[in-house]
Amino acid sequence: MTKQPEDWLDDVPDNNDEEDEEIIWVSKSEIKRDAEELKRLGAELVDLGKNSLDKIPLDEQLRDAIELAQRIKKEGRRRQLQLIGKMLRARDEDPIRQALDKLKNRHNQQVALFHKLEMLRDRLIEQGDDAVAEVFNLYPHADRQQLRSMIRNAQKEKATNKPPKSARQIFQYLRELAEA
């Protein structure tokens, strides 16, 4: 019995399994963009201070490369940043990014706190004793007499167009209360 043309299809190997596994092609441009992003990450790490760098999970080889880049200037620094970017390609950068984001967020929180304290200080100088109650709601352990004295001095300095020495003292005092 000869096979009919429809039966010949049964002998052809089924390539559906290979088609199911999609091959993801990455363009050269995308590879370059990823490399540039890792180089920027490396530059951020190089710009950190020693204390901040200690909080980031880095292996010894990468840490040495970063510390060397911090000491190098000009063209050598650029090449060292290239090397750091290349080293980051071989590592999982997610824990590094998360630690870096955590450091940035802490900085953002501190800036937000300072803005809040500055606005509170300005209200204290403008409204005087009316705003003191707000400070005691936030910081019950504040010294009322000291705060009122600094407010009066700041109001006098503002009225006579003198440098805002007392306003700076109020801000420092509020910052100490917030940190305590």
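## A tour of an all-helix chain, by selection

Start with helix H3, residues 28-47, and helix H6: the two pack at an angle of about 115°, and their axes lie 8 Å apart. H3 is therefore roughly perpendicular to H6. The crossing of this pair is right-handed. Keep in mind throughout that the model on screen is predicted.

**Stop 1: the H3/H6 contact.** On the H3 side, select Ala35, Leu38, Lys39, Leu41, Gly42, Ala43, Val46 and Asp47. On the H6 side, add Arg77, Leu81, Gln82, Ile84, Gly85, Leu88 and Arg89. Coloured by residue class, this contact of H3 with H6 shows eight nonpolar, three polar and four charged residues.

**Stop 2: glutamine 80.** Stay on H6, which spans residues 74-89, and pick glutamine 80. Is glutamine 80 buried or exposed? Its relative accessible area is 11%, so glutamine 80 is buried, the cut-off for that label being under 20%. Which residues are in contact with glutamine 80, once its neighbours within four places in sequence are left aside? Show Ala65, Leu68, Ala69 and Ile72 to see them.

**Stop 3: lysine 74.** Now move along H6 to lysine 74, which also has its place in that helix. Check its backbone: phi is positive, about 55°, although lysine 74 is not a glycine. As background, most residues other than glycine have a negative phi. Lysine 74 has a relative accessible area of 76%, so this residue is exposed, the label applying over 50%.

**Stop 4: asparagine 161.** Select the loop between helix H9 (144-159) and H10, where asparagine 161 lies. Asparagine 161 is another non-glycine residue with a positive phi, again about 55°. Is asparagine 161 buried or exposed? With a relative accessible area of 71%, asparagine 161 is exposed.

**Stop 5: the H7/H10 pair.** Continue into helix H10, residues 165-179, and display helix H7, residues 94-127, with it. These helices pack with their axes 9 Å apart and at an angle of about 130°. H7 is therefore oblique to H10, since an angle over 115 but not over 145 degrees falls in that class. The crossing of H7 and H10 is right-handed.

To see the contact, select Leu113, Phe114, Leu117, Glu118, Leu120, Arg121, Leu124 and Ile125 on H7. Then add Ala167, Ile170, Phe171, Leu174, Arg175 and Ala178 on H10. How do the residues of this contact divide by class? There are 11 nonpolar and three charged residues, and no polar ones.

**Last stop: the whole chain.** Clear the selection and show the full model as a cartoon. How many helices and strands are there in the chain? The chain has 10 helices and zero strands, so the order of elements from the N terminus reads α-α-α-α-α-α-α-α-α-α.

Next, colour by burial: 27% of the 180 residues in the chain are buried. Switch to a surface, and the chain exposes about 13,500 Å². Carbon and sulfur atoms supply 49% of that exposed area. A contact map would be the final view. Of the contacts in the chain with a separation of 6 or more, 58% are between residues 24 or more positions apart.

Technical notes: Residues numbered from 1 in each chain as written. Predicted model: local features only at pLDDT ≥ 70, side-chain atom pairs only at ≥ 80, totals over all residues. Heavy atoms only, no water. Helix = DSSP H or I, 4+ residues; strand = E, 2+ residues; numbered from the N terminus. Buried < 20%, exposed > 50% of the residue type's maximum accessible area, 1.4 Å probe, protein only. Contact = heavy atoms within 4.5 Å. Areas by Shrake-Rupley, 256 points an atom, 1.4 Å probe, with all protein chains shown as cover. Axes fitted to C-alpha atoms, helices over the stretch in contact; angles between N-to-C directions. Parallel < 35°, antiparallel > 145°, perpendicular 65-115°, else oblique. Left-handed = near helix turned anticlockwise from the far one by under 90°. Nonpolar A, V, L, I, M, F, W, Y, C, P; charged D, E, K, R; others polar.
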